[in-house]
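Take a moment to turn the model around and follow the chain from one end to the other. Then let us walk through it together, beginning on the inside and finishing on the surface.

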Amino acid sequence: MPMSKLMEKRRGREMVKVWTPFVSSDNLLISIISGIGVVIEFTYVSIFITYGPKKERAKIIGLCALALILFITFAFVSLFALHGKTRKLLCGITLDISSTIMYASPLSVMMSVIKMKSVEFMPFSLSLFTFLCGIFWLTYGLLSRDLFLIVPNGLGTGLGTAQLILYAMTARTGVI
């Protein structure tokens, strides 16, 4: 999967997580980290749009516009139409879906690695940090007993582990 698709999936996840202070008041850590993530992703997308291939620019601008429209719609619906536990449930499920999509996005790259027997398109650092991100957020979710953090990050930890195992198996055969 091209890096532009991976970055768009992550950007959507961070935008949803920034919304958490409006859902419950005990999410300061998640809000700060996600806010920083949005700034980093916005910077990355801006650089890509400025210097990327012309054909890809229009596609990314369209995807960013779609993500922004979805986020604004989500924010208004959850803020004005839903209250209390219903709002928290909608936001939690939405976060779980977007987080799971983010963690599962390298699966197509993993299929390419298996077919080509080369890790050329699966950088080790991306696999390592996917695993670490999953394990750290899973630990935080377990400590705070938050199922909305446990479920997607448990899946993310498993998928990150699979990426690292695949990388090790492919690297061991000498084809890198």
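**From the core outward**

In this predicted model, the largest nonpolar core is made up of seven residues: Val109, Met110, Val113, Val119, Met122, Leu166 and Tyr167. Two elements each give two or more residues to this core, namely helix H5 (107–116) and helix H7 (147–172). H5 gives the most, with three residues. In soluble globular proteins, nonpolar side chains tend to be buried together.

Let us zoom in on one member of that core. Which residues does Met110 touch, leaving aside those up to four places away in sequence? Its partners are Met122, Ala162, Gln163 and Leu166. Two of these names, Met122 and Leu166, may sound familiar, since both were on the list of core residues.

Now step back to the whole chain. There are seven helices and zero strands, and reading along the sequence gives the pattern α-α-α-α-α-α-α. Of the 176 residues, 38% count as buried. How do the contacts run along the sequence? Taking contacts between residues at least 6 apart in sequence, 69% join residues at least 24 apart.

Next, look at helix H3, which covers residues 54–81. Do you want to check its length? With 1.5 Å a residue, its 28 residues should span 40 Å, and the end C-alpha atoms are 40 Å apart, so the two values agree. Some of its residues are tucked away: the buried ones in H3 are Ile60, Cys64, Ala67, Phe71, Phe74, Ala75 and Ser78.

Helix H2, made of residues 28–51, can be checked in the same way. Its 24 residues should span 34 Å at 1.5 Å a residue, and the end C-alpha atoms lie 35 Å apart, which agrees. The buried residues of H2 are Ile30, Ser31, Ser34, Gly37, Glu41 and Val45.

H2 also brings us to the surface. Is Ile40, a residue of this helix, buried or exposed? Ile40 counts as exposed because its relative accessibility is 53%, and the cut-off for exposed is over 50%. Together with Leu28, Ile32 and Ile36, Ile40 makes a nonpolar surface patch of about 410 Å².

Finally, consider the surface of the entire chain. Its accessible area comes to about 10,200 Å², and 76% of that belongs to carbon and sulfur atoms.

Note on methods:
Residues are numbered from 1 along each chain as its sequence is written. This is a predicted model: local features need pLDDT of at least 70, side-chain atom pairs count only at pLDDT 80 or more; totals for chains, interfaces and linings use all residues. Side-chain values use heavy atoms; hydrogens and water are left out. Patches are made of residues with over 30% relative accessible area and no salt bridge: like charges are joined within 9 Å, nonpolar side chains (Val, Leu, Ile, Met, Phe, Trp, Tyr) within 5 Å. Accessible areas come from the Shrake-Rupley method with a 1.4 Å probe; for residues, only the protein chains shown count as cover. A salt bridge is a side-chain nitrogen of Lys or Arg within 4 Å of a carboxyl oxygen of Asp or Glu. Helices (H or I, at least four residues) and strands (E, at least two) are DSSP runs, numbered from the N terminus. Buried means under 20% relative accessible area, exposed over 50%, partly exposed in between (1.4 Å probe, protein chains only). The expected span of a helix is 1.5 Å times one less than its number of residues. A nonpolar core is a set of buried Ala, Val, Leu, Ile, Met, Phe, Trp, Tyr and Cys residues joined through side-chain atoms within 4.5 Å. Contact means heavy atoms within 4.5 Å.
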